[in-house]
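Subject: Structure handover

Hello,

Here is the structure I said I would pass on. Please open it alongside this message; my notes follow below.

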Amino acid sequence: MAQHTGVIGCQKHMGSLLNRKGYSGLQITSYPSRSLNFLQRLHQNNSTQDHVLPNKVNLKIIIVGAGLGGLATAIALRRRGQSVTVFERAPELGEVGAGIQIPPNSSRLLLEWGLGPYLEGKAIEPTTIKFRRWENGEVIGLTRLVPDFRKSFDAPYYVVHRANLQLSMYKLALDLGVDVRIKSGVRTYDPSTPSIMLDDGSVHRADLIIGADGLKSEARKIVLDGEDQPPQRTGFAAYRAMVDVKRMSSDPDTAWLLDNPGQNCWIGDMRHVMTYTIAGGKSFNMVLSHPEDSDPSTWKQETAAQEMKQHFEGWDHRLAKIINMIEGTLKWPLLSGKPLKRWVSLSGKLIILGDAAHSMVPYMSEGAAMAVEDGAALAEILSLITSPHQLYSALKVFERVRILRTGQMQEASLVNGKLWHFPDGPEQRARDAAMRPEVEGKHFIESPNQWSDPMTQVWAYGYDAEKEVAEAWREHLDVSSKL
Ligand SMILES: Cc1cc2nc3c(=O)[nH]c(=O)nc-3n(C[C@H](O)[C@H](O)[C@H](O)COP(=O)(O)OP(=O)(O)OC[C@H]3O[C@@H](n4cnc5c(N)ncnc54)[C@H](O)[C@@H]3O)c2cc1C
């Protein structure tokens with residue numbers, strides 16, 4: 001759904017509708033609507049060569065970081081024929097931190113890129129997301145993922161072990177011809193050449209350098225020209241843990257959670273616990289969010305398991321049983337950035353994306369998904385330029401579209417942090433009452449559950465990162481041609 005905001009976008013659309021004869025001019029609306037999607041699908045089916053058109057401008061691109069963002073971007077760019085080298089500091093790949101959700105706005109792209117066979121037997125498609133009352137596990141919110149999400153968004157909602165996802169993306173990148181160099185930390189950037197220097201002193205040049213180097217990005221400091229805007233503490237932290245499903249299946253109080261692959265999220269005063277099975281059903285993943293103001297450098301991981309139990313004392317006794325089965329946990333600070341003023345360096349040859357550009361609390365489960373969209377959008381817009389002189393303009397259009405999208409997702413994530421964490425009282429009761437129709441299978445047109453709310457759903461999961469940026473590029477060319 002390509003959307004245009006503002007009076008000018010609206011006037012332009014009305015003008016083009018009034019000027020055209022017949023219906024063939026229908027493309028997009030200035031208001032959020034899916035009424036023209038059937039026409040877009042028709043045009044896509046009639047012109048599948050859109051996706052196999054070779055680039056008109058072949059670029060040599062360096063990506064710093066082989067996290068989910070760096071690898072997604074490498075795959076997307078390589079599929080469009082760009083020459084891509086990824087430098088990763090870590091001695092080996094294999095993300096820590098257990099599970100990750102892959103919502104349809106991301107899975108659609110990953111599957112289109114050919115990741116499906118690499119994820120075979122590893123990804124799970126939960127049937128529902130259930131919100132449960134903290135003290136007794138009563139279902140208070142319900143999103144039907146299967147079949148509704150596939151039907152609505154033409155793509156599955158997956159959960160997967162992070163290491164499985166990262167290694168699958170790594171293999172796909174290698175098979176497509178991406179040059180991935182592990183144990184290759186980048187020490188310095190020269191944004192004007194542009195080039196990077198590795199820890200071993202070797203210098204590597206490219207046409208474009210992409211910093212996908214995560215929350216503590218060094219590339220971001222250069223892009224922001226010395227005025228870094230690092231993500232800030234939010235007053236929350238999360239314990240991340242996995243539980244052995246064999247132990248869970250031997251107790252009827254916990255075995256039911258394994259029967260039907262689903263996501264269950266207990267919500268209460270300032271805390272929540274998100275759970276789902278991963279690794280093809282072999283592990284049970286938990287993220288336990290709680291208030292935490294102290295400096296992460298003072299945390300002791302050895303006492304984390306004990307603290308975690310205290311945080312959830314008095315919650316649903318079945319949840320307490322699972323928490324007691326956790327053998328080890330890691331405590332992570334939950335940080336959030338604000339929209340940055342730019343992602344493209346002043347030289348126009350270094351850009352940032354992924355967590356380096358838009359870290360967010362994980363309450364919409366969209367952080368990595370945004371990085372996948374970044375990669376798709378960048379590859380798309382670079383495939384549309386017809387001369388190297390257009391590179392800077394294309395990057396600026398990409399930056400504008402992506403800052404808007406990811407800034408909104410940062411906000412939506414913080415909103416979930418408020419919605420889920422009401423103490424018992426009037427707001428909690430009103431929220432639960434507003435989610436009741438979805439629990440009872442009745443028709444509803446709005447919900448405080450952002451996974452269910454029809455308008456939020458279309459915005460979050462129906463978003464087409466390639467189409468949005470392509471449309472913005474066409475508009476840019478249109479405006480430039482009239483200057
Ligand atoms: C508790 C929690 C749950 C989450 N759940 C979800 C979810 O369900 N769904 C979702 O979509 N997102 C989720 N996220 C967010 C997601 O994990 C991140 O948004 C995503 O992993 C960011 O990927 P990235 O590649 O941008 O950064 P990173 O994963 O941080 O990768 C950066 C990479 O760059 C490398 N690097 C850094 N500096 C250098 C250098 N100088 N030289 C070479 N290499 C370098 C690092 O070693 C690293 O490999 C969650 C986050 C948390 C904390």
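Which residue in β10 does I196 stand opposite? I196 faces H204 there. Before going further, please note that this is a predicted model.

The small question above belongs to an open sheet of three strands, ordered β8-β9-β10 and paired in the antiparallel sense. β8 covers residues 186-190 and β10 covers 203-205; each has a single partner strand and stands at an edge, so one side of each is left without a neighbour in the sheet. From one strand to the next, the twist averages 25 degrees. The pairing of β9 (residues 195-198) with β10 runs over three bridges. As background, strands of a sheet pair through backbone hydrogen bonds, in either a parallel or an antiparallel way.

Next, the domains. The protein is divided into domain 1 (6-46), domain 2 (60-231 + 337-481) and domain 3 (233-335). Taken over C-alpha atoms, the centres of domain 2 and domain 3 are separated by 24 Å. Their contact takes 31 residues from domain 2 and 33 residues from domain 3. On the side of domain 2 that touches domain 3, the elements giving two or more residues are β4 (128-133) and β6 (158-161). Of the elements on that side, β4 gives the most, with five residues. By type, the residues on this side of domain 2 divide into 14 nonpolar, 12 polar and five charged.

Last, the ligand. Which residues come nearest to the ligand, of the 33 around it? They are G65, G67, G214, G354 and G367. Both domain 2 and domain 3 take part in the shell around the ligand, with at least three residues drawn from each. Four elements are worth finding in the viewer here: α3 (68-79), β3 (99-102), β12 (232-244) and α14 (367-384) each supply at least two residues of the shell. The largest share comes from α14, which contributes four residues. Sorted by type, the shell around the ligand holds 16 nonpolar, 10 polar and seven charged residues.

If you want a route through the model, start with I196 and H204 in the sheet, go on to β4 on the side of domain 2 that touches domain 3, and finish with α14 in the shell around the ligand.

Regards

Conventions:
Residues numbered from 1 in each chain as written. Predicted model: local features only at pLDDT ≥ 70, side-chain atom pairs only at ≥ 80, totals over all residues. Pairing = 2+ DSSP bridges. Axes fitted to C-alpha atoms, helices over the stretch in contact; angles between N-to-C directions. Near = placed C-beta within 6 Å. Nonpolar A, V, L, I, M, F, W, Y, C, P; charged D, E, K, R; others polar. Domains from an automatic or database assignment. Contact = placed C-beta atoms within 7 Å.
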